[in-house]
Amino acid sequence: MKKITILTTTGLLLLAASCGKGDIQISKQLDKEVAITPDYKDVTIPQNIAPMNFQTSLENPTCVVIEGKGTQLTVHAKDGVFQIPESDWKKLLADNAGGDLKMTVCEEQGGNWQAYQPFTMHVAAEKADPYVAYRKLQSRYEQFYRLGIYQRNIETYEESPIYENKLTDYNCANCHSFPMQNPEKMQFHMRAKFAGTVLMRDGHVEKLNTKTDDTMSALVYPYWHPSEKYIAYSVNLTAQNFFHHQDNILEVYDNNSDVVIYDVEKHEVFANEAIKNDSVWESFPTFSPDGKSLYFLSAQGQKQMPQEYKSVKYSLCRVDFDPATRTIGTRIDTLYNADKEGKSVSFPRISPDGKLMVVGLQEFGNFSAWHKDCDMYAIRLDSGEMYPLTEANSSESDSYHSWSSNSRWMVFSSRRLDGLYTRLFMTYIDENGQAHKPFLLPQKNPVEFYDNLLEAYNVPEFIKGKVKLDKHEVASIMRESQGIDIRYKK
Amino acid sequence: MSKKTIEGMAVSPATIIAMLAFVLLGGFLFFYLQSTQEFSYFYREQQQVFLHDSSYIGSLVNQIGGVGVLISQYLIQFFLLTKAGALLTALISVLTGVFLWLAFKRLSHSWFLAPLLMLPAFFYNLYLADSYVHYEGMVALLVLAVSLWLHGLMTRFHWGIRVAASSVWSLCLYGAFGPVAVLYGLTVILYDVLVKAPKNYLSLIPLALVLMAGLLAVNQGMLVNLSTAYWMQGYTEYFFNPGSFYNYAWLSVLATLLLFRLFGTGSAPKWLQAGSFLIGLGLLPFGYMQINDAHQDKSMYKMEQIAYYANHGDWDNVIRVAQSETGNYIFLNYLNLAYSKKGQLLDRFLTIPQAGSQSLILSSSQNAEVSMMLAMLYYHVGVIGQSQVHAYSSNMAVTYGSPEMNRQMTKNYLVNGQYKVAEKHIKMLEKTRYYADWAKQMRQYVNNDKALEADPELGAKRKDLPDNDAFTALYGPINDLLMILETNPNENTAAEYAIAMLLLDKNFEGIQVFVDRYFGKLAIWPECLQEAIVTYSEKDMDYCRQHGVSEDVIQRFAQFRNETLQLRHGGGAVQQLARNWGNSYWYYMLKTGKK
């Protein structure tokens, strides 16, 4: 069988080699694989992704022959990197949506070309949302320096800033969030200098002062209601401590937390005992796509922190929410009981079709980015079945996932490349709810790009288009205006 | 003056005299910069990790003023070499003067004004004593001078060509070298008016274009504000607030241009011209030295010296410099560190005017300079977690990273066994000119525990790693040191620092807990600690003897008590007490009072 495969491959390549300028003559088929960086072998990619450039460590001249239905392309490596022409790549993907691309790396030795074992990229029929918004910053720090919220067009390599903190004296900007992948509305916070929440909606920008006498902190982790009229937030007393030399490096923990809901029109927050309970720490709220349920994390509170940090385990809970009357249900359903099951839930996110929820699962705590043991798990919301997204997970932290609007793609951050710097990976979630092997967000020269980058990506969010935010206006408003004081509605 | 021909080139005597002035002033600048800013250049070199690869270079160029950043970073990497900083800077300064001469001599061959053409570079050199002022501003001055010279050549052509060329060039200049293009625009207007260039009102166009480009950049959020877009602030750190003094470099370009017009060669007698020339030649260096002396932050310069000597393991010089400013915690930290490196900490620390345990390790840092120093200090005492926090923070705080902090992080990651991320930093340093060899050396330890543990430095640090999940800095450095001793009681540096901290804080409860826990377990049991034991247990000499206090220390304590009593009764001199007991813990207690 193997021989047949080799012969077929060689035959196809020889046939392919006869057409077009720049094609090559394969004189030998090798029975071995070649390692490529990034590891794009057998990954599933959307048909609107930018060219998946990669490189090998082969020293001789190399090329890759890319074969799809009715099309083939030969790309010669330049300085070891295969940079696939964008227009050819687009055509390849369009022609092969729902099919496979076969890639054969060839190496020239003594004037002859020899081919390594081919590998495949699967092209999904479904596109991913064209933009991903994320924050890029130093991955661990006690002071803030350069950071920004950026957007990347995944169909090209274009990255542009949504907001950079250089405009506001290098303060902290965090927790960007969009309603249902809609780039026309967003919010993010600024901390320390010029503190407040930036809310962009209907073409204008508001500065919100979100600390009230009845809430323990300014608003923190956001999630928009699908109606775009509300945003659920946690309020947290968060701290962090570094380990002497543990692999997790540091632990981010809460000393207390609650969940509240912000009414965008009325500038007020409200809650009830179910989500704002003194003896319980609630955090990371998420609305269901139909807007009728509010999910959140919940842990037994009143712990001595950080000494008891390992004993804080978060359950996954749900209450009803009626957006018409702003009524929050009083009955709390527990979908994952941390006390019984033994692990701790983080970052619940529901697919826009409402079928799957994906959470992070770790030994304790909820700040999954600093937990190597954190893996992504899916929960079928109709049956409650929970299972690991094995293909997408790694031995390093995998966290902060975000769904594309068609519920087929997730982008998430992972420390799998070097154990420290989070990078963005995309995984295909098939109709059975299974994750496929994820791929690193492509770059023009990916190895050099990621090697040189001393910043980490966090909180990636799929969006359906480009965010148009007037950075200068945001900076002026945050610097100069008093802002709107929000109220707590009892 | 008549023209002479030198090697086929027509060079006027005025130009020869001007060149002579530039060479003399350049020579002065080199020697003076070398003697007053040598360590600032070394320090500046520590504020960038210049990578020889296309992605990095692309990222530099892809910003307003990016070509200037690229050129200055390329030059700064050589500042690691002795005298290179002063030499290159003096050279740029001289070239700036030369090109300004070539540009302005079209107005008049006022050779006696030539020394004044060094004013812009002289001022900028004064600014560069502050590391928050960017070197690319210096490069931009040179480019400005070349641009003005080229503009002077353009005035020979049709006005349309002149205006078109200066307009295009002003935008290119803005994109490549930043706000200096505004100064170019201003100078071009003045120049064209003074030389009575045809249709000189059109010379407003280059400036207008640059102002529009700056406005656009601010409105697009590429630049912070108009002062960053249009003036000197574009060449400083964002938190640096340049006062009016920082305008003089640029204003002097415009002022000298006016002077060249006002004082044409024929307008003053020869003796006055010669006198002015000589006065300028003498006054400029004199003024420079005076202003530099008043302007330079001497304390910061000492810190730069300490950083350099510490990076090179020259502990005698660290002691020499740090001793001169013991009112500063970080200087005290490094003075104690240097003694520790020389194995003399516990012999010497009581003779230093300490100010509690923070004299040994400052508990927190709010700026990159201090964090850099703490990273090395924490590494020395074996608290790798804190070393890493400070190395990382300071590396990020300096816009383009720090080579020394990258080396520190590499070592920390290797010690922790975090090989993948260590390799990331090794790869980066391998792309530098002067750190590549060191990085290649470190590569042997990646994924090789055996080799690392055999390394005298890295292996020893790994042995010190606390073997639990404890947080660092939760209860201050003393707790971190004790955790190291729990792992490795033979770690003398941690033991010395822990003892010194407890003693300086006069924390007798802590000292007693320490003594009870570690007596018989540590490789050292220094006299100062024995003296402290006697201090808190003077009524129970059996306890003292059971906890390692020697008979000699007990006898000396009795002697010290007698002398103190005599002093109280007027029978002895304070100076004698200091002479006899100045390095004892008892004297330290007497001098500083009980807590």
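## Exercises on a two-chain model

Pro38(A) sits in the loop between β1 (26–29) and β2 (44–46) of chain A. Keep that spot in view for the opening exercise, and remember throughout that this is a predicted model.

**Exercise 1. Unusual backbone geometry in chain A**

Work out what kind of peptide bond joins Thr37(A) and Pro38(A), and where else in chain A to look for a bond from Met305(A) to Pro306(A).

Solution. Start with omega. Between Thr37(A) and Pro38(A) omega is about -10°, and the bond is cis. Next, go to Met305(A) and Pro306(A): their peptide bond is cis too, with omega near 5°. Pro306(A) belongs to the loop between β22 (293–300) and β23 (315–322) of chain A.

Now turn to phi. Tyr170(A), though not a glycine, has a positive phi of about 55°. This residue lies in the loop between β12 (159–164) and β13 of chain A. For Cys175(A), which is likewise not a glycine, phi is positive and near 55°; Cys175(A) is part of strand β13 of chain A. Why are such places worth listing? Because most residues other than glycine have a negative phi, and most peptide bonds are trans.

**Exercise 2. The mixed sheet of chain A**

Trace the sheet that contains β13(A), say which strands stand at its edges, and find the helix that packs on it.

Solution. First, write down the strand order: β13-β14-β15-β16-β35 of chain A, an open sheet of 5 strands with mixed pairing. Then look for strands with a single partner. These are β13 (172–177) and β35 (484–485) of chain A, so each has one side without a neighbour in the sheet.

Move inward to strands β15 (residues 196–201) and β16 (residues 204–209) of chain A, which pair in the antiparallel sense over 5 bridges. Within that pairing, Leu199(A) is opposite Glu206(A) in β16(A). Finally, add the helix: α5 (residues 471–480) of chain A packs on the sheet and touches β14 (186–191), β15 and β16 of chain A, with its direction at about 30° to that of β16(A).

**Exercise 3. An antiparallel sheet in chain A**

Describe the sheet that holds β26(A), and name the bridge partner of Val345(A).

Solution. Begin with the order, β26-β27-β28-β29 of chain A: 4 strands form an open sheet with antiparallel pairing. The edges are β26 (344–350) and β29 (386–388) of chain A; each has a single partner strand, so one side of each lacks a neighbour in the sheet. From one strand to the next, the twist averages 30°.

Then zoom in on one pair. β26(A) and strand β27 (residues 356–362) of chain A run antiparallel and are joined by 5 bridges. Val345(A) has Leu361(A) of β27(A) as its bridge partner.

**Exercise 4. Where the chains meet**

Describe the interface of chain B and chain A by its area, its residues and its polar links.

Solution. Count residues to begin with: 51 residues of chain B are in contact with 43 of chain A. Next comes the area, as the two chains bury about 4000 Å² between them, 52% of it on carbon and sulfur atoms. Met396(B), Lys424(B) and Phe471(B) supply 18% of the area that chain B buries against chain A, more than any other three residues.

Then look for polar links. There are 24 residue pairs in polar contact between the chains. The elements giving two or more residues to chain B's side are α3 (54–61), α10 (204–219), α19 (384–397), α20 (403–416), α21 (419–430) and α25 (477–487) of chain B. The largest share, 9 residues, comes from α19(B). By class, chain B's side has 24 nonpolar, 19 polar and 8 charged residues.

**Exercise 5. Salt bridges**

Find how many salt bridges cross the interface of chain B and chain A, and explain what the pair Arg443(B) and Glu423(B) ties together.

Solution. Across the interface there is 1 salt bridge. The side chains of Lys427(B) and Asp451(A) form a salt bridge at 3.2 Å, N to O. Over all chains, the structure holds 41. Within chain B, Arg443(B) forms a salt bridge with Glu423(B), their closest N and O atoms being 2.9 Å apart. Arg443(B) lies in helix α22 (residues 436–443) and Glu423(B) in helix α21 of chain B, so the pair ties together parts 20 residues apart in sequence.

Conventions. Residues numbered from 1 in each chain as written. Chains lettered and ligands numbered in written order. Predicted model: local features only at pLDDT ≥ 70, side-chain atom pairs only at ≥ 80, totals over all residues. Heavy atoms only, no water. Contact = heavy atoms within 4.5 Å. Buried area = accessible area lost by both parts, 1.4 Å probe. Salt bridge = Lys/Arg side-chain N within 4 Å of Asp/Glu carboxyl O. Polar contact = N/O pair within 3.5 Å; in protein donor to acceptor, adjacent residues only side chain to side chain. Nonpolar A, V, L, I, M, F, W, Y, C, P; charged D, E, K, R; others polar. Pairing = 2+ DSSP bridges. Axes fitted to C-alpha atoms, helices over the stretch in contact; angles between N-to-C directions.
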